[in-house]
Amino acid sequence: MIKKILLALAVALPMTAAAQKFGTVQLDAVFTAMPESTEMQNTLSEASKKYETEFQKLQEEVNKLYADFQTIQNDTTTPDAIKERRMQEIQDKAGKVEQFRQTASQDLQRQQEQLMAPIQAKINEAVKAVGTEGGYTFIFPQEPALILFQGSTVTDVTPAVKAKLGLK
């Protein structure tokens with residue numbers, strides 16, 4: 001059954017593809033040419049640096065606690081209860097550092113998604129406008145794995161999309 005459907009598609013698509021107009025667009029090239037993408041990268045870089053600075057401070061605190069613990073660990077006059085409390089303190093602080101790292105990573109990812117959404121929407125609108133104006137049936141993202149039918153003409157619409165966005 002599946003073979004029959006695939007065979008029918010293989011026979012029918014080339015016939016219909018000849019009457020259709022296809023285009024490709026280099027989304028990465030359009031994205032990197034947009035000033036909004038540079039602003040987004042700068043915003044994310046600043047936030048990342050702030051998180052990294054805070055992470056370093058927390059890591060230094062853990063390292064200091066550990067160094068202090070090392071000095072009392074072999075001291076026979078220090079009671080075991082104090083040693084255990086210090087070890088627990090190190091473990092608690094290390095857990096908080098790891099939790100902070102995860103939270104920071106999630107926050108940076110959320111920020112990237114929020115900043116990326118309007119840029120992607122703007123690109124999508126430009127691609128749709130170019131597709132409508134040029135009478136394209138499909139505009140595909142240009143990828144190495146993209147395979148189109150023999151005999152169909154494919155146009156790179158990247159310059160038209162950039163022009164629609166006012167980019168060079």
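Start with how the chain folds back on itself: residues 24 or more positions apart account for 82% of the contacts in the protein with a separation of 6 or more. Keep that number in mind while reading on. This is a predicted model.

Next, the parts list. The protein has five helices and three strands. Read from the N terminus, the elements come in the order α-β-α-α-α-β-β-α. The protein holds 168 residues, and 23% of them count as buried. About 11900 Å² of the protein is exposed. Carbon and sulfur atoms supply 56% of that area.

Turn to the strands. How are the three strands ordered in the sheet? The order is β2-β1-β3, in an open sheet with parallel pairing. Strands β2 (138-141) and β3 (154-156) are the edge strands, and each pairs on one side only. From one strand to the next, the twist averages 30°. Look at one pairing in detail. Strand β1 covers residues 22-25. Four bridges join β1 to β2, in the parallel sense. One residue to find here is V25, whose bridge partner in β2 is P141.

Now the charged side chains. Side chains of opposite charge can pair when their charged atoms come close. How many salt bridges does the protein have? The count comes to seven. Three of them are worth a visit.

The first visit is to K122 and E36. Their closest N and O atoms are 2.6 Å apart. K122 lies in helix α4 (residues 80-134) and E36 in helix α3 (residues 35-73), so this pair ties together parts that are 86 residues apart in sequence. Are these two residues buried, exposed or partly exposed? K122 has a relative accessible area of 35%, so K122 is partly exposed. E36 is at 25% relative accessibility, so E36 counts as partly exposed too.

The next pair is E133 and K164. Their side chains meet in a salt bridge, with 2.5 Å from N to O. This pair also links distant parts of the chain: E133 is in helix α4, K164 is in helix α5 (residues 158-164), and they are 31 residues apart. E133 is exposed, with a relative accessible area of 59%. K164, at 39%, counts as partly exposed. The cut-off explains the two labels: exposed means over 50%, so 59% passes and 39% does not.

The last pair stays inside one helix. E98 forms a salt bridge with R101, and the closest N and O atoms are 2.4 Å apart. Where do the two residues lie? Both are in helix α4, three residues apart, which is about one turn of the helix. E98 counts as partly exposed, at 32% relative accessibility. R101 is partly exposed as well, with a relative accessible area of 39%.

One more stop in helix α4. Q111 is found there. Is Q111 buried or exposed? Buried means under 20% relative accessible area, and Q111 is at 18%, so Q111 counts as buried. Which residues does Q111 touch, leaving aside those up to four places away in sequence? The answer is L44 and A47.

Now put the pieces together. Helix α4 takes part in each pair visited here: K122 sits in α4 and reaches E36 in α3, E133 sits in α4 and reaches K164 in α5, and E98 and R101 both lie in α4. Beside the helices, the three strands form their open sheet, with parallel pairing.

Note on methods: Residues are numbered from 1 along each chain as its sequence is written. This is a predicted model: local features need pLDDT of at least 70, side-chain atom pairs count only at pLDDT 80 or more; totals for chains, interfaces and linings use all residues. Side-chain values use heavy atoms; hydrogens and water are left out. Buried means under 20% relative accessible area, exposed over 50%, partly exposed in between (1.4 Å probe, protein chains only). Contact means heavy atoms within 4.5 Å. Accessible areas come from the Shrake-Rupley method with a 1.4 Å probe; for residues, only the protein chains shown count as cover. A salt bridge is a side-chain nitrogen of Lys or Arg within 4 Å of a carboxyl oxygen of Asp or Glu. Two strands pair if DSSP finds at least two bridges between them. Axes are lines fitted to C-alpha atoms, for helices over the stretch in contact, and angles run from 0 to 180 degrees between N-to-C directions.
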